[in-house]
Structure formats: structure tokens, C-alpha cells
Amino acid sequence: MDITRIGVVGAGQMGNGIAHVLALAGYDVLLNDVSQEALDKAVALIDRNLDRQVSREKISAEDKAAAMARIKTTMTLTDLGKTDLVIEAATEREEIKQKIFDALLPHLEPHTILTSNTSSISITRLASRTDRPEKFMGFHFMNPVPLMQLVELIRGIATDAETYDACLGVVERLGKTAASAEDFPAFIVNRILMPMINEAVYTLYEGVGNVNSIDQSMKLGANHPMGPLELADFIGLDTCLAIMNVLHDGLADTKYRPCPLLTKYVEAGWLGRKTKRGFYDYRGETPVPTR
């Protein structure tokens, strides 16, 4: 099928990045959020990020202007019913995602494909609540979307080949690489990444090392570009905990038990960069370890 208009639900960190790359690739984008302030911030951020690409000569000023002209915003979710593809990028909570799809369903075109940017929730279960499980799949971008090259494509048990091929075509037009994943908890990237982060938190919890020594060890000893605790702060500790809970509940294996220290940080509201405190304190000029 020919996809030209794409709806993006959620104007946060992931949603604005997805809108950015779609518009730059020539798609007409309708970006939705419940907050006009969030929509305004998202458009301003996309504008700044495109400016950065122009200054680095990655794109031309004409490319930027054309991309910005392709992005429209709306607070009315049902406006997305006329699009060819919907990418849901709302909060990583299943009940919120289900409410979004429930509200969209009566307004969708028969051919519209529904996808979720979920990093861990069952695609089959989300799809089963809709009228088109064969036209539903996981479309998981990595953060930050404009920079990261991978997109996980996750088939639910009912996803048909036409839907997969259409989404694969979008990924290829974006100039990104698709990794095909089966619908098991946390898919590929987070199935491997999150237990590593959780183990780093256990290493901190048990006093094996402090924040600085753990991150330095993995950066210099394993050649990781970012330490696991620094990465957890970037992702959001609430998101890390949610994914570990999905793994623990879905696979019933104690090796996925979330570290109590991770739970404590989330309960304190220390969620990482977005709240200015996590494993590092970001309120000063340079981040300072909190342990």
C-alpha cells in the first residue's frame, strides 16, 4: 500500500523525534498530543534540531523548510483517522495505549495501519483489542530518533505480510535499518539492554562500585559510549523500571527482578535527566553522582 500521511500520537521525546524524521523523509505528518504546550514545544524542538542539521551540512535550508511545512499539529485525536499509518508514541503504560486505540478505531479508514512505539508491551495483546489485528504491529524507534539508525519491527501473532512490508518500506525511506523481532517481552534491544542496566544498579546497590566507577568501568573497559547508569538517566528510570517489570512478569524468571534501588529512585521521583536527578544530579553545570 502507498503510505503518504502518517499520524503520530504523543509529542514527547519519542514523538517529536519520529515526526522530525518522517517529515524530513517526505511524509505529511499530523502530530497529536493532549497538551497544546507540548505540541508547541515539540515543533520548536524539531525546528532547532533541523537547524542543527543544516549547520552541520547534513541537510539544506530548503530541506528544513519543506520538512517543517509537512508537520501539522492537533489536540483532537480523531483527526488522525484520515491517515494511512498511525504511530502511537504515548507514555509506556498499557492502559493509556489501549484508550488511545479505542478512541481512534471508529474514525479510521479501512486501510489504516496501527502501530505502537512501545519498547516492551505485547503487540499481540494491544492488537487484540482493535478491529484490525492483521494491520497492527510494533514500530519501535530508538532514542534519540534522528540519530539512531535502528528500528525494531515487531509482528503480533495476527500481523499480515502486507502490513509488515508497508512498515518496512517506511523504515527504508527514512534511511534507517529494520530489525525484525518476535513478540516476546521487551523484544530484542531492551531484552538485552535493560537487564544490563538493572545489573549495574545491583552493582551499585550492593556496594561493589559507586556511580562513577561503574560507568567508567563500562566506558573504558567495555568501550561503551555511555555508562549504564548514565544511560539509565537518559532513558528515564521510570521507563527502565517499567520494562524490567514487563520482563519479570512476562517471563516469570527471577533474573529479571528489578533492583530495589531502582524502585526507590523512581518512588523518590528521581527519574534521571528529565527530572534533573537520577543516578546523577543535573541541577548544576556538570552532572554529579548521587551515590
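Glu-94 is a buried residue, because its relative accessible area of 19% falls under the 20% limit for that class. This value, like the others reported here, was computed from a predicted model. Glu-94 forms a salt bridge with Arg-125, and the closest N and O atoms of the two residues are 2.7 Å apart. The bridge connects distant parts of the chain, since Glu-94 belongs to helix 4 (residues 94-104) and Arg-125 to helix 5 (residues 123-128), with the two positions 31 residues apart in sequence. The partner is classed otherwise than Glu-94: Arg-125 has a relative accessibility of 41% and therefore counts as partly exposed.

Helix 4 also contains Gln-98. With a relative accessibility of 15%, Gln-98 is assigned to the buried class. When neighbours within four places in sequence are set aside, the residues in contact with Gln-98 are Leu-126 and Arg-129. Of these, Leu-126 falls within the bounds of helix 5, which covers residues 123-128.

The salt bridges were then examined across the whole model. The structure holds 13 of them. One joins Lys-64 to Asp-47, with a separation of 3.0 Å between the closest N and O atoms. Lys-64 is located in helix 3 (residues 61-70) and Asp-47 in helix 2, so this pair ties together parts of the chain that lie 17 residues apart in sequence. Lys-64 is buried, at 14% relative accessibility. Asp-47, by contrast, is partly exposed, because its relative accessibility of 26% lies between the limits of 20% and 50%. The pair is also part of a network of salt bridges, in which Asp-47, Asp-51 and Lys-64 are linked.

A further residue of helix 2, which spans residues 36-55, is Asn-49. Asn-49 counts as buried, with a relative accessibility of 18%. The side chain of Asn-49 is in polar contact with the side chain of Arg-52, at a distance of 2.7 Å.

Another salt bridge is formed by Lys-274 and Asp-238, whose closest N and O atoms are 2.9 Å apart. Here too the pair links distant parts of the chain: Asp-238 is in helix 10 (residues 237-251), whereas Lys-274 is in the loop between helix 11 (260-267) and strand 9 (280-281), and the two positions are 36 residues apart. Lys-274 is exposed, because its relative accessible area of 52% is over the 50% limit. Asp-238 has a relative accessible area of 27% and is thus partly exposed.

The arrangement of the domains was considered next. The domain assignment divides the protein chain into domain 1 (5-182) and domain 2 (190-289). The C-alpha centres of these domains are separated by 27 Å. At the interface, six residues of domain 1 make contact with four residues of domain 2. About 510 Å² of area is buried between the two domains, and carbon and sulfur atoms account for 55% of this area. On the side of domain 1, the residues that lose the most area to domain 2 are Glu-92, Ser-119 and Ser-120, which together supply 57% of what that side buries. Zero salt bridges were found across the interface of domain 1 and domain 2. One residue pair, with both members at pLDDT 80 or more, is in polar contact across this interface.

Ala-181 falls within the bounds of domain 1 (5-182). Ala-181 lies in strand 8, which comprises residues 177-181. A relative accessible area of 2% places Ala-181 in the buried class. Apart from neighbours within four places in sequence, Ala-181 is in contact with five residues, namely Leu-153, Ile-154, Arg-155, Phe-187 and Ile-188. Gly-227, at a sequence separation of 46 residues, has its C-alpha atom 26 Å from that of Ala-181. Gly-227 falls within the bounds of domain 2 (190-289).

Technical notes: Residues numbered from 1 in each chain as written. Predicted model: local features only at pLDDT ≥ 70, side-chain atom pairs only at ≥ 80, totals over all residues. Heavy atoms only, no water. Domains from an automatic or database assignment. Contact = heavy atoms within 4.5 Å. Buried area = accessible area lost by both parts, 1.4 Å probe. Salt bridge = Lys/Arg side-chain N within 4 Å of Asp/Glu carboxyl O. Polar contact = N/O pair within 3.5 Å; in protein donor to acceptor, adjacent residues only side chain to side chain. Helix = DSSP H or I, 4+ residues; strand = E, 2+ residues; numbered from the N terminus. Buried < 20%, exposed > 50% of the residue type's maximum accessible area, 1.4 Å probe, protein only.
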